[in-house]
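Good morning, colleagues. I should like to take you through the structure now coming up on the screen, beginning with its sheet and then turning to its cores.

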Amino acid sequence: MPGVLEVFREAGLEPRPGQAEAADGLREALERGLDVVFVAPTGFGKTLAVLAALKSSRSLPALWLVRSLEIGHRVSGDALLLGLRPFIAAGRERTCPFAEKLGGCVHIWCRTRRTSCEYYLELLKRGVNVKVVLSWQDLLGSGVCPYYAQDLAAKEADIVIQSYYRRPYSATAVVVDEAHNLLVPRERKLSLASVARAASELRALGFIELAEEVMRVAGYSGSVPLHTLPLAEIEQALAEAVQKLSSVRGLVRLARAVRACQRGGAAYREPWEDCITVYEPPWRPRVKPKVYVTATLPEGLEDVLGAEAVVRVPPQRRLKAYVTPWLTTKYGEETWRGYTKLLSVLRFRCGKVLAFATERVAIHLLGSADIYEPELDRPPSDWRGVLLLHARGRFAEGVDLPADCVVMLGAPFLPPEVVRRLKRAYRMLGVSEEAAYTAPVVVTTLQCVGRATRSPQHKPIVVLADYRFSRYANHLSSYLDIAELKDEKEIEKINNKHNN
């Protein structure tokens with residue numbers, strides 16, 4: 001069995017400082033069958049370290065789960081460097097020849113009509129040559145069903161790369177990339193227009209009472225009891241809709257939301273919103289051993305992932321962060337005028353202020369922002385003033401937004417009603433209910449701050465504008481050197497302190 005150094009050198013690679021040692025720690029955990037958390041800074045070479053550990057421990061084939069398939073191409077390239085055969089697998093909505101026409105209905109259509117599908121039958125007749133297939137894209141236009149042809153390609157692969165949410169392939173070990181995403185509930189938006197469309201589709205199919213119940217439940221504000229809707233009846237209606245209606249849109253989205261809530265998730269709507277936010281429950285892959293890979297997992301949260309071993313590479317630097325104990329966005333205690341003053345001072349002293357807030361908070365502070373997330377199609381490349389983004393929005397992860405200052409406008413807690421429901425989901429994972437409070441706040445904060453600090457030369461001022469951040473100083477201390485400001489007068493001294 002080759003050691004990790006031998007794996008690197010056989011590929012003509014010289015490991016970076018600490019990379020071989022980290023890979024060896026992972027190899028040992030894999031050989032013992034332990035679930036292991038691997039935390040290392042951006043740019044360390046985590047992917048190669050994990051691949052080397054998988055190969056040296058012979059934990060192949062392995063399933064590599066990613067948040068976005070775009071990340072999969074990087075994993076695939078590194079696998080090839082080490083002489084491993086990768087395959088990137090996609091879901092039906094990317095692969096099915098009828099996906100463009102069917103949209104989200106493609107899943108139920110495939111399950112009910114697969115045995116009569118011309119592309120699936122052609123796959124059964126003549127199969128497909130997968131010797132040179134490295135991705136789902138290589139199977140498109142082959143005349144056979146690309147979705148199920150992937151099963152043949154996956155059998156020949158050492159590393160199968162796929163989304164968190166796709167039907168998983170069997171494997172000897174599982175790697176979860178960007179594993180901090182498992183600690184924060186995934187959020188989906190269900191518009192009230194989609195709910196109304198679902199009710200119309202139900203009426204067209206004769207499910208009159210169900211349609212009325214759907215509209216009644218969706219009318220709630222605060223906690224929305226989607227979990228009380230009859231999922232079996234909704235899925236029966238969806239199966240009929242695919243057969244009888246010319247197009248189906250609302251029912252697909254409604255069924256997905258109800259399913260998530262019945263699995264332990266939660267649904268919530270502020271009174272002024274025209275959509276329901278659905279929070280999917282936390283989860284873990286079932287296969288063992290697992291390698292959880294991330295750059296931002298605070299110490300003390302490994303238990304949420306069920307880790308039995310930890311390989312941690314300390315960050316090269318800690319950013320100075322300032323807590324403002326006189327400010328808060330806690331329900332009933334909001335200090336809106338204080339936040340307005342803070343943003344005014346920061347705008348004056350810093351050219352670029354990157355501000356993050358929950359949607360509830362952002363609405364109250366719109367007047368202090370120069371650019372607000374809903375106005376944007378893509379991250380701005382050149383901007384000045386205050387850029388206000390949602391703390392768990394489209395630009396809170398995976399983008400670079402260099403700034404002179406990053407400010408968290410309030411601790412990004414989930415709504416209390418959501419936390420109460422998610423506590424049960426965390427309890428079912430065998431971890432403390434406190435994780436429903438702690439994990440989303442700490443991970444979201446680090447992800448937001450990381451938008452402006454992905455490069456070593458970027459050293460923005462970090463302001464944690466809520467007294468409640470002090471509670472989580474221990475969790476944040478691996479990444480942030482936290483200091484408390486005494487009062488409002490010290491805001492204007494932040495820049496000088498930071499530069500000194």
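Strand β1 and strand β10, residues 290-294, pair in the parallel sense over 4 bridges. Within this pairing, Val39 stands opposite Thr294 of β10. Please bear in mind that what you see is a predicted model.

The two strands belong to an open sheet of 7 strands, ordered β3-β4-β2-β5-β10-β1-β11, with parallel pairing. At the edges are β3, residues 86-88, and β11, residues 309-312, each of which pairs on one side only. Neighbouring strands of the sheet are turned by 20° against each other on average, direction ignored. Helix α4, residues 69-81, packs on this sheet and touches β2, β3 and β4. The direction of α4 makes about 170° with that of β3.

Let us stay with β1 for a moment. This strand spans residues 36-39 and contains Val37. Is Val37 buried or exposed? Its relative accessible area is 0%, and because buried means under 20%, Val37 counts as buried. Leaving out residues up to four places away in sequence, Val37 touches Tyr292, Leu297, Leu305, Ala307, Ala309, Val310 and Val311.

I turn next to strand β2, residues 62-66, where 5 of 5 residues are buried. Both faces of β2 are covered: Ala62, Trp64 and Val66 lie on one side, while Leu63 and Leu65 lie on the other. β2 runs parallel to β4, residues 159-163, and 5 bridges join the two. In that pairing, Leu65 has Gln162 as its bridge partner. β2 also runs parallel to β5, residues 173-176, to which it is joined by 4 bridges. There, Leu63 stands opposite Val174.

Now to the cores. In soluble globular proteins, nonpolar side chains tend to be buried together. Here the largest nonpolar core holds 122 residues, and those touching the most other members are Leu226, Leu251, Leu254, Val278, Leu354, Leu464 and Leu480. Helix α17, residues 435-450, gives the largest share of this core, 9 residues. A second, separate core of 41 residues includes Ala22, Ala53, Trp64 and Trp136.

What does Leu226 touch, not counting residues up to four places away in sequence? The contacts are Leu190, Val217, Ala257, Val258, Cys261, Ala267, Ile276 and Val278.

Val217 brings us to helix α11, residues 208-218, in which Leu210, Ala211, Val214, Val217 and Ala218 are buried. Seen down the axis of α11, these buried residues fall within an arc of 130°, so they line one face of the helix. And what covers them? The cover includes the helices α10 (192-204), α12 (231-244) and α13 (250-262), together with the strands β8 (266-269) and β9 (275-279).

I close with Thr445, a residue of helix α17. At 1% relative accessibility, Thr445 counts as buried. The side chain of Thr445 reaches the backbone oxygen of Val441 at 2.7 Å. Leaving aside neighbours within four places in sequence, Thr445 is in contact with Met408, Pro412, Leu464 and Phe469. Among these partners, Leu464 has already appeared in this talk, as one of the residues that touch the most other members of the largest core. Thank you for your attention.

Note on methods. Residues are numbered from 1 along each chain as its sequence is written. This is a predicted model: local features need pLDDT of at least 70, side-chain atom pairs count only at pLDDT 80 or more; totals for chains, interfaces and linings use all residues. Side-chain values use heavy atoms; hydrogens and water are left out. Buried means under 20% relative accessible area, exposed over 50%, partly exposed in between (1.4 Å probe, protein chains only). The arc is that of the directions from the helix axis to the C-beta atoms. Contact means heavy atoms within 4.5 Å. Two strands pair if DSSP finds at least two bridges between them. A nonpolar core is a set of buried Ala, Val, Leu, Ile, Met, Phe, Trp, Tyr and Cys residues joined through side-chain atoms within 4.5 Å. Axes are lines fitted to C-alpha atoms, for helices over the stretch in contact, and angles run from 0 to 180 degrees between N-to-C directions. A polar contact is a pair of N or O atoms within 3.5 Å; within protein, one must be able to donate a hydrogen and the other to accept it, and residues adjacent in sequence count only if both atoms are side-chain atoms.
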